[in-house]
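Here's a small set of exercises to work through with the model open in your viewer. Try each task before you read the solution under it.

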Amino acid sequence: MIDIIIKICQHHGNLTIDKVVKQRLKKDNTIKYRCKFCLSQSHKNHYLKNKEKVKASHEKYRNENYEKYRKSSNDSAKKMRILNPEKEKERRKKGYSKYRKSTQIRQRRFKNKAVSELRDVYIRQRLTERSILKHEDIPQSLVEIKRAALKVKRIIKEKLCHKK
Ligand SMILES: [Zn+2]
């Protein structure tokens, strides 16, 4: 492959195709190339400046589009493993345990929250467990009905507990 210079970045010099990110501009559909390093830096800066906002909007997206979220995060993890074989090797050597543990903690926290707040993702999961249905197969109206039913169940359970 010949290294064709796609773009010259004022911070990172000559950039070949693997060092740029292709973006399609919405307003006129033209394609623009951006420096991968600058873009990642600007994402980082944006995150640092708006930590809570970014987290909240990610969480909102995750709740509302769980299947999509899971697929895209699996895909991007796979992509990262292919793009960084050295890092992947290192990670395998160290073992997944540390990584796995933090993932587990994060997943458990997410699950507990989803259960206690009766979030859509939990209700869809309840409605699809032990079936071939996917989360997106469940219409929102059914989710609302199930949520109401679960709420009633919880209230009854609580009352029964108080009686004892
Ligand atoms: Zn740059």
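**Exercise 1: a proline in a loop**

Pro-139 sits in the loop that joins α6 and α7. Keep in mind that this is a predicted model.

Task: decide whether Pro-139 is buried or exposed, and find how far its C-alpha atom is from that of Arg-124.

Solution. Start with the neighbour count: Pro-139 has 9 C-beta neighbours inside 10 Å. The cut-off for exposed is 12 or fewer, so Pro-139 counts as exposed. Next, take the C-alpha pair: Pro-139 and Arg-124 are 15 residues apart along the chain, and their C-alpha atoms are separated by 9.3 Å.

**Exercise 2: the loop's other residue, and a relative**

Task: say where Arg-130 and Leu-118 lie, and work out what their phi values have in common.

Solution. Take Arg-130 to begin with. It belongs to the loop between α6 and α7, just after α6. Its phi is near 55 degrees, which is positive although the residue is not glycine. With 5 C-beta neighbours inside 10 Å, Arg-130 is exposed.

Now go to the loop between α5 (97–116) and α6, where you'll find Leu-118. Phi of Leu-118 is near 50 degrees, again a positive value in a residue other than glycine. Its surroundings hold 16 other C-beta atoms within 10 Å, so Leu-118 is partly exposed.

**Exercise 3: how α6 packs**

Task: which residues of α6 are buried, and what covers them? Then describe how α6 packs with α7.

Solution. Step one is the burial list: Asp-120, Val-121, Tyr-122, Ile-123 and Arg-124 are buried in α6. Step two is the cover, which includes α2 (51–64), α3, α5 and α7.

Step three is the geometry. Two packed helices are described by the angle between their axes and the distance between the axes. For α6 (residues 120–128) and α7, the angle is about 90 degrees and the axes are 10 Å apart. That makes α6 roughly perpendicular to α7, as the range for that label is 65 to 115 degrees.

Step four is the contact list. On the α6 side you have Asp-120, Ile-123, Arg-124, Arg-126 and Leu-127, and these meet Leu-142, Val-143, Lys-146 and Arg-147 of α7.

**Exercise 4: two helices in the open**

Task: compare the end-to-end reach of α3 and α7 with the expected values, and say how many residues of each are buried.

Solution. Helix α3 covers residues 66–83, 18 residues in total, and reaches 25 Å from its first C-alpha to its last; the expected value is 26 Å, which is close. One of those 18 residues is buried, so α3 lies largely in the open.

Helix α7 covers residues 140–163, which is 24 residues, and its reach of 35 Å is close to the expected 34 Å. One residue out of its 24 is buried, so α7 also lies largely in the open.

For a sample residue of α7, try Leu-150. It has 15 C-beta neighbours inside 10 Å, so it counts as partly exposed. Its C-alpha atom is 37 Å from that of Lys-78, a residue 72 positions away along the chain.

**Exercise 5: the whole chain**

Task: list the elements in order, then work out why the chain counts as more spread out than a compact globule.

Solution. Count the elements: seven helices and four strands. From the N terminus, the order is β-β-β-β-α-α-α-α-α-α-α. The radius of gyration is 22 Å, well over the 15 Å from the globule rule for 164 residues, so the chain is more spread out than a compact globule.

Then check the box and the burial. The C-alpha atoms fill roughly 75 × 45 × 35 Å along the principal axes, and 7% of the 164 residues count as buried.

Finally, look at the division: domain 1 is 7–43 and domain 2 is 50–163. Their centres, taken over C-alpha atoms, are 32 Å apart. For a single pair, use Lys-26, in the loop between β3 (20–24) and β4 (31–35). Lys-26 is exposed, with 7 C-beta neighbours inside 10 Å, and its C-alpha atom is separated by 30 Å from that of Ile-82.

Technical notes. Residues are numbered from 1 along each chain as its sequence is written. This is a predicted model: local features need pLDDT of at least 70, side-chain atom pairs count only at pLDDT 80 or more; totals for chains, interfaces and linings use all residues. The expected span of a helix is 1.5 Å times one less than its number of residues. A residue is buried if 20 or more other C-beta atoms lie within 10 Å of its own, exposed if 12 or fewer, and partly exposed in between; C-beta atoms are placed from the backbone. Domain bounds come from an automatic or database domain assignment. The radius of gyration is taken over C-alpha atoms; the globule rule is 2.2 Å times the number of residues to the power 0.38. Axes are lines fitted to C-alpha atoms, for helices over the stretch in contact, and angles run from 0 to 180 degrees between N-to-C directions. Angles under 35 degrees count as roughly parallel, over 145 as roughly antiparallel, 65 to 115 as roughly perpendicular and the rest as oblique. Two residues are in contact if their C-beta atoms, placed from the backbone, lie within 7 Å.
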